[in-house]
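Me: I would like to learn how to read a protein model feature by feature. Could you take me through one slowly, giving the general idea before the particular case?

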Amino acid sequence: MLKILTLVPVLAALASPALAASGLVEPSLKMQPGKAAAPRVAITLDACMGKTDFRILDTLVNEKIPATIFVTARWLAHNPQALAVMLSHPDLFELENHGENHIPAVDKPVSIYGIAAAGSTAAVEQEVEGGRLAVAAATGHQPQWFRGATAKYTASSIATINGLGERIAGYSVNGDGGSLLRAGMTAKHIASAKDGDVVIAHINQPTHEAGEGVVRGLLALKARGVIFTRLDDPAFNAPSN
Ligand SMILES: [Zn+2]
């Protein structure tokens, strides 16, 4: 047991310089401090590809919990039923851009979690614009926020995305560890969100245990009296530009 414990900081020390050397950044995002009486938390859920976790979608609808959903063109094409539910509750759901084909918006040829990045500025632009067009076609609204697959970028790819008129949607609480965590741990992460936090989790893995944890975490936050906000809330307005 002692050996395992002493290994952890060593691994952490090795991991940080490796990430820095890769030139990849993973921006965080929080709300500006507000004067609300209750803590405010923004739930952001990625619909990368594949299907829809209706355990989560039904909970959001039944409990009237607003959320920002990051959709890809690919997911939109295969989930008309879930899209219809979201569009029929504009008071609850804000749909934003998760890209065209779930390719990391990184402008150099690297592999992230085994996914090949876009690899060039032109390919990043294609991923962002393809996603934007699909969201606009599905919702009638231009997306304001972009979150790339894996949520990692380079400084130059962030500049490219901003140049296309979209802001980078970071987060401050990793709810479900890429939908790979157990239900209990996922619920614990989400329930731990504090005032101003932006939670990330997934809504496209109906067979994963993590989805059950997302539901439990959301219900725990609601029971605590949290005010749920979305990324179109004025609390996310940038002080400049
Ligand atoms: Zn994704």
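**Reading the model step by step**

Reply: Let us begin with a helix, and with the residues on it that are hidden: in helix H2 (residues 54-62), Ile-56, Leu-57, Thr-59, Leu-60 and Val-61 are buried. Please keep in mind throughout that this is a predicted model.

Me: Which elements do the buried residues of H2 pack against?

Reply: They pack against strand S1 (40-47), strand S2 (67-71), H4, S3, S9 and H8. The general idea is that in soluble globular proteins, nonpolar side chains tend to be buried together. In this structure the largest nonpolar core has 35 residues, and Ile-43, Leu-60, Ile-69, Phe-93 and Ile-203 are the ones that touch the most other members. A separate, second core is made of 13 residues, including Met-31, Phe-70, Tyr-171 and Ile-200.

Me: If I pick Ile-69, which residues does it touch, not counting those up to four places away in sequence?

Reply: Ile-69 touches Leu-45, Ala-47, Met-86, Phe-93, Glu-94, Leu-95, Glu-96 and Ile-203. Among these partners, Phe-93 and Ile-203 are also on the list of core residues that touch the most other members.

Me: How should I read a backbone angle such as phi, and where should I look for an uncommon value?

Reply: Most residues other than glycine have a negative phi, so a positive value is worth a second look. Just after H2, Lys-64 takes a positive phi of about 55°. Thr-150, in the loop between strand S6 (145-146) and helix H6 (155-163), has a positive phi near 75°. Ser-179, which is found in the loop between strand S8 (173-174) and helix H7 (183-191), has a positive phi near 70°.

Me: Are Thr-150 and Ser-179 buried or exposed?

Reply: The rule here is that a residue is called buried when its relative accessible area is under 20%. Thr-150 has a relative accessible area of 16%, and therefore it is buried, while Ser-179 counts as buried because its relative accessibility is 4%.

Me: What would an exposed residue look like by the same kind of reading?

Reply: Asp-91 is a case to study, and its place is in the loop between H4 and S3. Exposed means over 50%, so Asp-91, at 55% relative accessibility, counts as exposed. Leaving aside its neighbours within four places in sequence, Asp-91 is in contact with Pro-66 and Arg-230. The C-alpha atoms of Asp-91 and Lys-64 are separated by 8.9 Å, although these residues are 27 residues apart along the chain.

Me: Which residues are the protein donors of the zinc ion, and how are they spaced in sequence?

Reply: For a metal site, one reads the donor atoms together with their distances. Here the protein donors are Cys-48 (SG), His-98 (NE2) and His-102 (NE2), which lie 2.1 to 2.2 Å from the zinc ion. The spacing of these donor residues in sequence is C-x49-H-x3-H. Of the two histidines, His-98 is buried, with a relative accessible area of 1%, and His-102 also counts as buried, at 11% relative accessibility.

Me: How do I read the pockets, and what is the volume of the largest pocket?

Reply: For a pocket, one reads the volume and then the residues that line it. The largest pocket has a volume of about 480 Å³, and of the 24 residues lining it, Tyr-113, Thr-150, Gly-177, Gly-178 and His-202 lie nearest its centre. Strand S9 (residues 198-202) gives the most to this lining, with 3 residues. By class, the lining of the largest pocket has 10 nonpolar, 11 polar and 3 charged residues.

Me: And which residues are closest to the centre of the second largest pocket?

Reply: That pocket holds about 270 Å³ of space, and of its 14 lining residues the closest to the centre are Phe-93, Glu-94, Leu-95, Thr-139 and His-141. The largest share of its lining, 4 residues, comes from S3.

Me: What about cavities, and how many of 30 Å³ or more does the structure hold?

Reply: The structure holds 1 cavity of 30 Å³ or more, and the volume of the largest cavity is about 30 Å³. Among the residues that line the largest cavity are Ile-56, Ser-179, His-202 and Ile-203. The largest share of this lining, 3 residues, comes from helix H8 (residues 209-223).

Terms used:
Residues numbered from 1 in each chain as written. Predicted model: local features only at pLDDT ≥ 70, side-chain atom pairs only at ≥ 80, totals over all residues. Heavy atoms only, no water. 1 Å grid on protein atoms, 1.4 Å probe; cavity = no way out; pocket = protein on both sides within 12 Å on 5 of 7 lines; lining within 4 Å. Points joined across faces, edges and corners; volume = space filled by probe spheres on them. Helix = DSSP H or I, 4+ residues; strand = E, 2+ residues; numbered from the N terminus. Core = buried A, V, L, I, M, F, W, Y, C linked by side-chain atoms within 4.5 Å. Buried < 20%, exposed > 50% of the residue type's maximum accessible area, 1.4 Å probe, protein only. Contact = heavy atoms within 4.5 Å. Donors = N, O, S within 2.8 Å, 3.2 Å for Na, K, Ca; no water. Nonpolar A, V, L, I, M, F, W, Y, C, P; charged D, E, K, R; others polar.
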